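This report describes the structure shown below, taking its salt bridges, interface and interior in turn.

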Amino acid sequence: MRGREPFRIAVLLLIWGWIVLFVLLPNLLVVATSFLTRDDSRFISWQLTLDNYLRLVDPDYLGVFGHSFYMALVTTLLCLLVGYPFAYLLSRLRPSLKPYLLFLVIVPFWTNSLVRTYAMKLLISVNGLLNKLLLTLGWIDTPLRMLYSEGAVIAGLFYILLPFMILPLYAVFEQLRPELLEASRDLGAGRWRSFTRVVLPLTLPGIIAGSLLVLLPAVGMFYVADVLGGAKNLLIGNVIKSQFLDARDWPFGAAASLLLTVAMAVLLYAYYLSVNMIRRPDNDAELA
Amino acid sequence: MLNWLKYGYLSLVYLLLYLPIGVLLLYSFNASKNPYRWGGFSWHWYERLWQNTALIDAAANTLLLAISAATLSTLIGTLTAIALQRYRFRGKRFLNGMLFVVMMSPDIVLAISLLALFILVGVQLGFLSLLLAHVTFCLPFVVITVYARLSGFTPQILEAARDLGASEFRMVRTVLLPVISPALLAGWLLGFTLSLDDVVVSMFVTGPTFEILPLRIYSMVRLGIKPEVNALASVLLLLSLAALVGSQYLLTRNAPHTP
């Protein structure tokens, strides 16, 4: 009787309708497209093939994918290196100060990333502020050509994605109880040992979550490579975009995007497994 | 000494986060035509923007799109959060999973899947396709915001309304909505910012008839650095900042009271 109320039915219909139409169906379409053949006039023709996947292992594309993952990986490591101590220090600040400083991390997180990429370009271009600063300091004699390089793409990705690393790390450091550190000190562990045996394992879920939040979007951000990288430093996102919008080879673009989705799913599953593994000792303690 | 190191490091990272934005804002007031030489303070580029009717049109389109997408996603997202919180129904886990997929999948994957749908169904690329796409990627964020607020809400109040004979719709409208209204506003503002900030999805589902600012900036930025872009980007930056400050204010000021 309660389940038959018209309002409830209308709500469920609306939600299911939206999710099926705009999430499930489009994703299935992409999967289907990746097995079809390219057609110049109608985008695709109904001819089943595995060609698109075979073309993905073409050395040219493999090179682009490898380079793309390499840049994303370096970005992730940089973010971790800078973000880990930062999140730790932030979590140990006075409670009155914390909300404001945390807000200052969130602001760039929510502002237009294209605008921030452009701001980065402004900063590191040949006549940009960074070069002027280095010249004034006398560290260099001629302006550096930083733009349109691998380093520029990594710098752009790092700049855009750093908050994605800091926020999950901050969350785990907030939960880390200082008594645990005191306990390990009392038991005679040195600084390094306390860190590797207590802090690192307890903050591992944050490290993994942050790394995924940086690594996964990084390979797709085609505009960062467009604005900062020039023609040689492409991301997987650039390949997919050019297949869909320029070359009009939808099936191949769909196959590349599916590869990206599968890689993402594997990483997320690995995350899920590792978090479960870390949580297990707690569960045991509760049962005991 | 250690304290000095601590605050020094924190400041350095903040400098890293804000220096490029600061430089951008500063240069947008640069009187000189040379984008790299400081020629004194001036509103010149903002005036140029104001005179550029194509840009004003694009800005109006952007606002129209962001407001519509935020409103629609708040409406659907709120209903979804209520359903997930209160109703038992088949496939709830699946629905949850789908929302998670939208949130986690790279923008570009979402973009091409929606483009494929619009082409197949025959939706003309323009305002409608942009709106549907923006609502879809805003949805999970609204759901999370509203769901969090609903979780801190005592169900007895709803039971009371029901015992007094209110229908489900009336109960939602007169009891539930007023209580969760700060979360609705916060969700709306988050949707507004997300829509304003999107480049990737818009790039794919846009049509020639409806130009929006982020894509306009994209095409200008690819070609090089022009002083107008600085002013335009600054305007967009301040718009998102205003929406963000508003949503944070609402979320922290009106945190749910748990008795």
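With which residue does the side chain of Glu174(A) meet in a salt bridge? The partner is Lys98(A), at 2.9 Å from N to O; a salt bridge here is a side-chain nitrogen of Lys or Arg within 4 Å of a carboxyl oxygen of Asp or Glu.

The model is predicted: local features need pLDDT of at least 70, and side-chain atom pairs count only at pLDDT 80 or more, whereas totals for chains, interfaces and linings use all residues. Residues are numbered from 1 along each chain as its sequence is written, chains are lettered from A in the order in which they are written, and side-chain values use heavy atoms, without hydrogens and water.

**Salt bridges**

The pair Glu174(A) and Lys98(A) links distant parts of the chain, 76 residues apart, with Glu174(A) in helix 7 of chain A and Lys98(A) in helix 4 (residues 98-110) of chain A. Helices (H or I, at least four residues) and strands (E, at least two) are DSSP runs, numbered from the N terminus. Glu174(A) counts as partly exposed because its relative accessibility is 39%, and Lys98(A) counts as buried because its value is 14%. Buried means under 20% relative accessible area, exposed over 50%, and partly exposed in between, with a 1.4 Å probe and protein chains only.

Over all chains, the search of the whole structure finds nine salt bridges. Four of them are tabulated.

| Acidic residue | Basic residue | Closest N and O atoms |
|---|---|---|
| Glu174(A) | Lys98(A) | 2.9 Å |
| Glu168(B) | Arg162(B) | 2.4 Å |
| Glu211(B) | Arg216(B) | 3.5 Å |
| Glu168(B) | Arg8(A) | 3.9 Å |

Glu211(B), at 33% relative accessibility, counts as partly exposed, and Arg216(B), at 22%, also counts as partly exposed. Salt bridges that share partners join Arg8(A), Arg86(B), Arg162(B) and Glu168(B) into one network. Within this network, both Glu168(B) and Arg162(B) are buried.

**Interface of chain B and chain A**

The size of an interface is often given as the accessible area lost when the parts come together. Chain B and chain A bury about 7,600 Å² between them, 81% of it on carbon and sulfur atoms; this buried area is the accessible area (1.4 Å probe) lost on putting the two parts together, summed over both. On the side of chain B, the residues that lose the most area to chain A are Tyr14(B), Leu17(B) and Tyr36(B), together 9% of what that side buries.

In terms of contact (heavy atoms within 4.5 Å), 82 residues of chain B meet 78 residues of chain A. One salt bridge is found across this interface, together with 11 residue pairs in polar contact, both residues at pLDDT 80 or more. A polar contact is a pair of N or O atoms within 3.5 Å; within protein, one must be able to donate a hydrogen and the other to accept it, and residues adjacent in sequence count only if both atoms are side-chain atoms. Helix 1 (residues 2-28) of chain B gives the most to the side that touches chain A, with 15 residues. The residues of that side divide into 63 nonpolar, 11 polar and eight charged. Here Ala, Val, Leu, Ile, Met, Phe, Trp, Tyr, Cys and Pro count as nonpolar, Asp, Glu, Lys and Arg as charged, and the others, Gly among them, as polar.

**Nonpolar cores**

A nonpolar core is a set of buried Ala, Val, Leu, Ile, Met, Phe, Trp, Tyr and Cys residues joined through side-chain atoms within 4.5 Å. The largest has 171 residues, and Leu90(A), Tyr223(A) and Phe204(B) have the most contacts inside it. Helix 7 (residues 150-175) of chain A supplies the largest share of this core, 14 residues. Beyond its neighbours within four places in sequence, Phe204(B) is in contact with residues of both chains, including Phe222(A), Lys241(A), Phe244(A), Ile108(B) and Leu125(B).

Lys241(A) and Phe244(A) are among the buried residues of helix 11 of chain A. This helix (residues 236-246) is mostly covered, with eight of its 11 residues buried.

**Chain B**

Chain B comprises 11 helices and zero strands. Of its 259 residues, 54% count as buried. Cys138(B) lies in helix 6 (residues 127-151) of chain B and counts as buried because its relative accessibility is 0%. Its contacts beyond four places in sequence include Ser195(B), a residue of helix 8 (residues 168-197) of chain B. Ser195(B) is likewise buried, at 4%.
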